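Please read this note with the structure open beside you. Follow each point on the model as you go.

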Amino acid sequence: MYTLLSGLYKYMFQKDEYCILILGLDNAGKTTFLEQTKTRFSKNYKGMNLSKITTTVGLNIGTIDVGKARLMFWDLGGQEELQSLWDKYYAESHGVIYVIDSTDEERLGESKNAFEKMISSEALEGVPLLVLANKQDVENCLSVPDIKTAFSDCAPKIGKRDCLVQPCAALSGYVICSSDYGGYTENN
Amino acid sequence: MGLLSILRKLKSAPDQEVRILLLGLDNGGKTTLLKQLASEDISHITPTQGFNIKSVQSQGFKLNVWDIGGQRKIRPYWRNYFENTDMLIYVIDSADRKRFEETGQELAELLDEEKLSGVPVLIFANKQDLLTAAPASEIAEGLNLHIIRDRMWQIQSCSALTGEGVQDGMSWVCKNVTAKKK
């Protein structure tokens, strides 16, 4: 009886858990994005001072509840030599957020290469993808159309998966909420 | 008067105390690191037979750092110190490639411990001042750190001898302890 009720309780109250990877080059703003997301969606969460975010060479974890879903974010280090660890997380991912530094035109090609390699992985086939053009609060940054153009030859590889490109400024929290709820999807 | 008592309260608000466990194989550099944190003389370090403990102020925290000897015969005693640990710091000799497997095994066993469940872990890839030191990313991959899914982890290159990288690692500690507490 206890087992039955316990099972029923779990069934009624359990939330579906989803794992979401946050990827992108170092300094794109992945950890800042994660901190802002935690701050805005978690009651009682007092985030760290965003100006004190240091380079991630490992794994940051954030868990938030949105409606009936529990989202587990895995924020991985983005340095080139750490990108070899990314694919070890793909098999368990339900979604990917790829963060681009819109102010770093010099490394846009490098970011595109890392992105292309990521979406080429079979383990991520069909996994929804959110691309964030970060640091839109900075003057003279690249716009979303600029970035789409730079990444345009990745379009065939995106294939059937849902993909949304969204401007954001993780530091100020701009667009965090609408990003999380998507809006419309498009294939580039 | 009210203002004075408010000021007194603000001023005397105790720093948040953090219990940090400093572990790793013998000769990884744990005690040198501890003394570096405490700004003490590091010219005469001998193998730790028992444990060292030091309190260090850092970024608004009082860090109580427990450095336990890492020799094989002492390792069973590590578990006596697991209770109430807020942060695990694991020190690796980056130049001692012959013992990477051993240190990886010890770390994996630590992470399986119930009393350390969910405790964030900072791995110091120490002795980066040596030419033969493996880079942090190579160590992360070699030790299969990507298997860690239930807690935050960070690997930080450092040289306890020169102090390089030590404060960066401690910055990560202070930030992630805050995250855990709230």
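The points below take up an annotated site, then the cysteines, then one helix.

1. Status of the model. This is a predicted model. Please keep that in mind for every point here.

2. The annotated site. An unreviewed UniProt entry places the feature "binding site" at Thr31(A) and Thr56(A). The two positions are spread over 26 residues of sequence. In space they cluster, with a largest C-alpha distance of 7.6 Å.

3. Where the two threonines sit. Thr31(A) belongs to helix H2 of chain A, which covers residues 30-41. Thr56(A) lies in a loop of chain A, between H2 and strand E2 (58-66). One is thus a helix residue, and the other a loop residue.

4. The link between them. The side chains of Thr31(A) and Thr56(A) make a polar contact at 2.8 Å. Start here when you inspect the site.

5. Buried or exposed: which describes Thr31(A)? Thr31(A) is buried, because its relative accessible area is 11%, and buried means under 20%. Thr56(A) has 10% relative accessibility, so Thr56(A) counts as buried too.

6. Surroundings of Thr31(A). Set aside the neighbours within four places in sequence. Thr31(A) is then in contact with Ile53(A), Thr56(A), Asn60(A) and Asp75(A).

7. Surroundings of Thr56(A). Which residues does Thr56(A) contact, leaving aside its neighbours within four places in sequence? From chain A they are Thr31(A), Asp75(A), Leu76(A), Gly77(A), Gly78(A) and Leu82(A). Gln154(B) is also in contact with Thr56(A), so check chain B as well when you view this position. Asp75(A) appears in the contacts of Thr31(A) and in those of Thr56(A).

8. Cysteines. How many disulfides does a search of the whole structure find? The search gives 0 over all chains. Two cysteines of chain A deserve a look. Cys19(A) has a relative accessible area of 11% and is therefore buried. Cys168(A) is at 2% relative accessibility, so Cys168(A) is buried as well.

9. Helix H3 of chain B. H3(B) runs over residues 100-112, 13 residues in total. From first C-alpha to last, the helix reaches 18 Å. That is close to the 18 Å expected at 1.5 Å a residue.

10. The buried side of the account for H3(B). Its buried residues include Phe100(B), Leu107(B), Leu110(B) and Leu111(B). Glu102(B) and Glu106(B) are also among them, as are Thr103(B) and Gly104(B). What do these buried residues pack against? Their partners in chain B are strands E1 (16-23), E4 (87-93) and E5 (121-126), together with helix H4 (136-142).

Notes: Residues numbered from 1 in each chain as written. Chains lettered and ligands numbered in written order. Predicted model: local features only at pLDDT ≥ 70, side-chain atom pairs only at ≥ 80, totals over all residues. Heavy atoms only, no water. UniProt positions renumbered as here; feature names shortened; annotations may be inferred. Helix = DSSP H or I, 4+ residues; strand = E, 2+ residues; numbered from the N terminus. Buried < 20%, exposed > 50% of the residue type's maximum accessible area, 1.4 Å probe, protein only. Contact = heavy atoms within 4.5 Å. Polar contact = N/O pair within 3.5 Å; in protein donor to acceptor, adjacent residues only side chain to side chain. Disulfide = S-S within 2.5 Å. Expected span 1.5 Å × (residues − 1).
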